[in-house]
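Subject: Structure handover

Hello,

Here is the structure for you to take over. Please open it alongside this message; my notes follow below.

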Amino acid sequence: MLPALQDHFARVWVHSPPVQGSGRSVIIPDGCLDLIWFNGVLVVAGPDRQAKEEFVPPGGVVVGLQFRPGAAASWLRVPVREIADSRVRLEDFWGPDARHAAEWIGEETEPTRIAGRLETAALHRLPAIGTPHRLAQALFRQIELHEPSAGPLMQRLQRSFGLSERTLRRLSTVAFGYGPKVLDRILRFQRFMRLAHGSDGDGLAELAFAAGYSDQPHLTREARRLSGLTPEAIRAQLRS
């Protein structure tokens with residue numbers, strides 16, 4: 001990641017399905033947005049509320065920049081709630097500049113070089129972008145660290161920021177695409193997946209408690225709601 005972009009983007013990633021694979025993958029909500037180059041087009045992947053199945057032809061290449069929490073709105077000039085659960089061409093936000101950038105990036109064929117050009121295209125746009133929304137970033141961190149034992153989420157956020165529930169909800173939907181409670185559910189599930197990936201023999205009840213769920217049935221309900229899978233199936237896939 002280019003140093004100048006690190007305040008705005010968390011990482012650059014490359015996805016290339018194996019030639020012998022199906023090309024299908026399930027994208028589980030993570031509370032983030034991505035700027036994606038695929039098949040000669042730049043697309044913004046809005047924040048999801050539930051799992052989505054995506055298809056990339058086996059052997060194809062997808063390259064993305066993942067926005068840091070709260071950074072995307074200043075790049076797109078629209079509230080993030082307007083593109084939740086959507087995939088939108090970057091041309092809708094940047095006009096012809098996005099098309100020209102996509103064509104230039106597509107002159108490369110090797111994944112790391114495509115990624116390098118995507119970063120460079122973002123760097124050229126950077127002077128027109130404001131600084132990341134620090135309050136939104138702080139709000140994301142508070143929600144990410146929320147422990148149910150600390151009391152109701154909204155009450156804790158109101159105390160921390162000195163803002164009304166209505167203002168917090170508006171800030172959250174503009175910056176992240178959905179309100180604090182939905183974001184809390186998504187981030188808790190992401191915490192479970194990290195724990196499940198790194199666990200060695202822990203039972204699901206223990207993982208549920210460590211992730212912040214009230215009990216294992218609570219985890220099971222959320223897993224089905226957000227991913228369409230059971231916790232057992234998720235853990236099996238993470239370990240395979």
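Two strands are taken to pair if DSSP finds at least two bridges between them. Three bridges join β4 to β7, so these two count as a pair. They run antiparallel. Please keep in mind that this is a predicted model.

The sheet

Five strands make up an open sheet. Their order is β1-β6-β3-β4-β7, and the pairing is antiparallel. Which strands form the edges? They are β1 (9–15) and β7 (87–89), each of which pairs on one side only. From one strand to the next, the twist averages 25 degrees.

Now the pairs. β1 meets strand β6 (residues 62–67) in the antiparallel sense, over six bridges. F9 has F67 in β6 as its bridge partner. β3 and β4 are also antiparallel, with five bridges. Their hairpin has two residues between the strands. In that hairpin, N39 takes a positive phi near 55 degrees. V43 of β4 is a useful landmark: I36 stands opposite V43, and V43 also stands opposite R89 in β7.

The helices on the sheet

Take α3 next, residues 96–105. Which of its residues are buried? They are A98, A101, A102 and I105. Seen down the axis of α3, these residues fall within an arc of 100 degrees, so they line one face of the helix. What covers them includes two strands, β3 (34–38) and β4 (41–45). The cover also includes two helices, α2 (91–94) and α4 (111–125). As for its placement, α3 lies across β3 and β4. Its direction is at about 115 degrees to β4.

α4 packs on the sheet too. It touches β1, β3, β4 and β6. The direction of α4 makes about 40 degrees with that of β6.

Aromatic rings and charges

How many aromatic pairs does the whole structure hold? A search finds six. One aromatic cluster is formed by F9, F67, W75 and W94. F9 and F67 are the bridge partners mentioned above. W94 has a further partner: the charged end of R125 sits over its ring, 4.4 Å from the centre. There is also an arginine over a tyrosine. R188 lies over the face of Y213, at 5.4 Å from the ring centre.

Two residues to look at

H15 lies in strand β1. Is H15 buried, exposed or partly exposed? Its relative accessibility is 29%, so it counts as partly exposed; the partly exposed class runs between 20% and 50%. Leaving aside neighbours within four places in sequence, H15 is in contact with S25, V56, G60, V61 and V62. P111 is worth a look as well. H15 and P111 are 96 residues apart along the chain, yet their C-alpha atoms are separated by 8.7 Å.

S172 is found in helix α7 (residues 165–176). Is S172 buried or exposed? S172 is buried, because its relative accessible area is 0% and the limit for buried is under 20%. Which residues does S172 touch, not counting those up to four places away in sequence? They are L139, G177, Y178, G179 and P180.

Over to you.

Best wishes

Technical notes: Residues are numbered from 1 along each chain as its sequence is written. This is a predicted model: local features need pLDDT of at least 70, side-chain atom pairs count only at pLDDT 80 or more; totals for chains, interfaces and linings use all residues. Side-chain values use heavy atoms; hydrogens and water are left out. Buried means under 20% relative accessible area, exposed over 50%, partly exposed in between (1.4 Å probe, protein chains only). Helices (H or I, at least four residues) and strands (E, at least two) are DSSP runs, numbered from the N terminus. The arc is that of the directions from the helix axis to the C-beta atoms. Contact means heavy atoms within 4.5 Å. Axes are lines fitted to C-alpha atoms, for helices over the stretch in contact, and angles run from 0 to 180 degrees between N-to-C directions. Rings of Phe, Tyr and Trp (its six-membered ring) pair if their centres lie within 6.5 Å; planes under 30 degrees apart count as stacked, over 60 as edge-to-face and the rest as tilted. A charge sits over a ring if NZ of Lys or CZ of Arg is within 6 Å of the ring centre and within 35 degrees of the ring normal.
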